[in-house]
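Subject: Structure handover

Hello,

Here is the structure I promised to pass on. Please open it next to this email and follow along.

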Amino acid sequence: SKDGEEAIKYLLSRNFSMNDIKEFEFGLATSGNSLYQFLNKRKYTDKDIENTSLISTEKYIHDVFVNLIMIPIHDLDGNVVGFTGRLFKESDNPKYINSKESNVFKKGKILFNYHRAKNYVRINHELIIVEGNMDALKLYSAGVKNVIALMGTALTNDQVEAIKKMHSKVILMMDSDNAGKNGMYQNGNILRKSGIDPEIVLLSGAKDPDEYINKFGIEKFQNILKSRM
């Protein structure tokens with residue numbers, strides 16, 4: 001479709017490859033209520049469909065995700081339990097929309113990209129924690145595969161326990177804005193109270209790892225990684 005071509009063009013412009021698009025299972029939500037119609041034709045009730053958090057019945061029935069690149073969110077075992085929708089066209093709407101919590105999607109129990117990263121963490125004995133989903137995917141596609149992303153501003157007890165099971169060094173790399181610095185301080189304290197002494201990476205010249213790699217390249221990022229505190 002035309003929208004599909006535009007979405008792929010956008011992802012390629014962000015330095016994701018076609019292989020990345022397949023591996024990360026990127027998708028596309030189009031306009032209207034096509035998902036609702038699809039599920040309705042397969043005899044799902046409106047209540048069942050609404051419970052997926054992909055449909056809203058507020059005021060009228062409509063898809064929650066519209067004209068967005070869809071990024072699946074997996075639980076710790078690799079099952080898809082939710083989505084992040086990412087704008088790829090000019091719009092006044094929020095850049096990201098996440099699934100609402102549901103019976104299967106509880107963000108306090110999830111660490112984004114954990115199911116892919118855990119084997120690499122066991123090999124490297126280092127875990128990198130970033131703030132955003134796209135940051136984790138950009139690092140992973142660039143060869144830094146021992147990376148996960150937070151599902152909110154502060155780590156929960158369940159997330160900390162999942163991190164502790166990896167038995168590795170922990171490297172915190174939040175965004176360089178004030179919110180990111182506050183998140184670094186807050187999450188650093190949470191980890192220390194749990195017995196983990198994290199190392200810190202401060203980015204300069206870019207807001208987040210995704211932007212940093214696009215501007216300066218993966219080699220310079222690797223050098224920054226080695227200079228952690």
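First, a term: helices are DSSP runs of H or I with at least four residues, numbered from the N terminus. Please also keep in mind that this is a predicted model.

Helix α5

Start with α5, residues 114–124. Its buried residues are Y114, H115, R116, A117 and V121. Several elements help to cover them, including α2 (18–23), β4 (68–74) and β7 (126–130). The cover also includes α6 (133–141), β8 (147–149) and α7 (157–164). Look just past the end of α5 as well. There, H125 takes a positive phi of about 60°.

One residue of this helix deserves its own stop: H115. Why is H115 counted as buried? Its relative accessibility is 18%, and buried means under 20%. H115 is in contact with H74, D75, L76, D77 and G78, leaving aside its neighbours within four places in sequence.

Helices α6 and α9

Next, go to α6, one of the elements covering the buried residues of α5. α6 packs with α9 at an angle of about 40°. Their axes are 7 Å apart. The two helices are therefore oblique to each other. On the α6 side, the meeting residues are M134, D135, K138 and L139. On the α9 side, they are P209, D210, I213 and N214. By class, this contact has four nonpolar, one polar and three charged residues.

Pockets

Now the largest pocket. How much space lies in it? About 640 Å³. Its lining counts 26 residues. Nearest its centre lie Y96, E131, G132, N133 and M134. The elements giving two or more residues to this lining are β5 (80–86), β6 (96–98), α6 and α9 (209–216). So M134 turns up twice: it lies among the residues nearest the pocket centre, and it meets α9 from α6. By class, the lining has 13 charged, seven polar and six nonpolar residues.

The second largest pocket holds about 260 Å³ of space. Which residues line it? They are E50, S53, I55, S56, T57, E58, K59, Y60, H62, V64 and K100. This lining divides into four charged, four polar and three nonpolar residues.

That is the tour. Send questions back when you have had a look.

Best wishes

How values were computed
Residues numbered from 1 in each chain as written. Predicted model: local features only at pLDDT ≥ 70, side-chain atom pairs only at ≥ 80, totals over all residues. Heavy atoms only, no water. Buried < 20%, exposed > 50% of the residue type's maximum accessible area, 1.4 Å probe, protein only. Contact = heavy atoms within 4.5 Å. 1 Å grid on protein atoms, 1.4 Å probe; cavity = no way out; pocket = protein on both sides within 12 Å on 5 of 7 lines; lining within 4 Å. Points joined across faces, edges and corners; volume = space filled by probe spheres on them. Nonpolar A, V, L, I, M, F, W, Y, C, P; charged D, E, K, R; others polar. Axes fitted to C-alpha atoms, helices over the stretch in contact; angles between N-to-C directions. Parallel < 35°, antiparallel > 145°, perpendicular 65-115°, else oblique.
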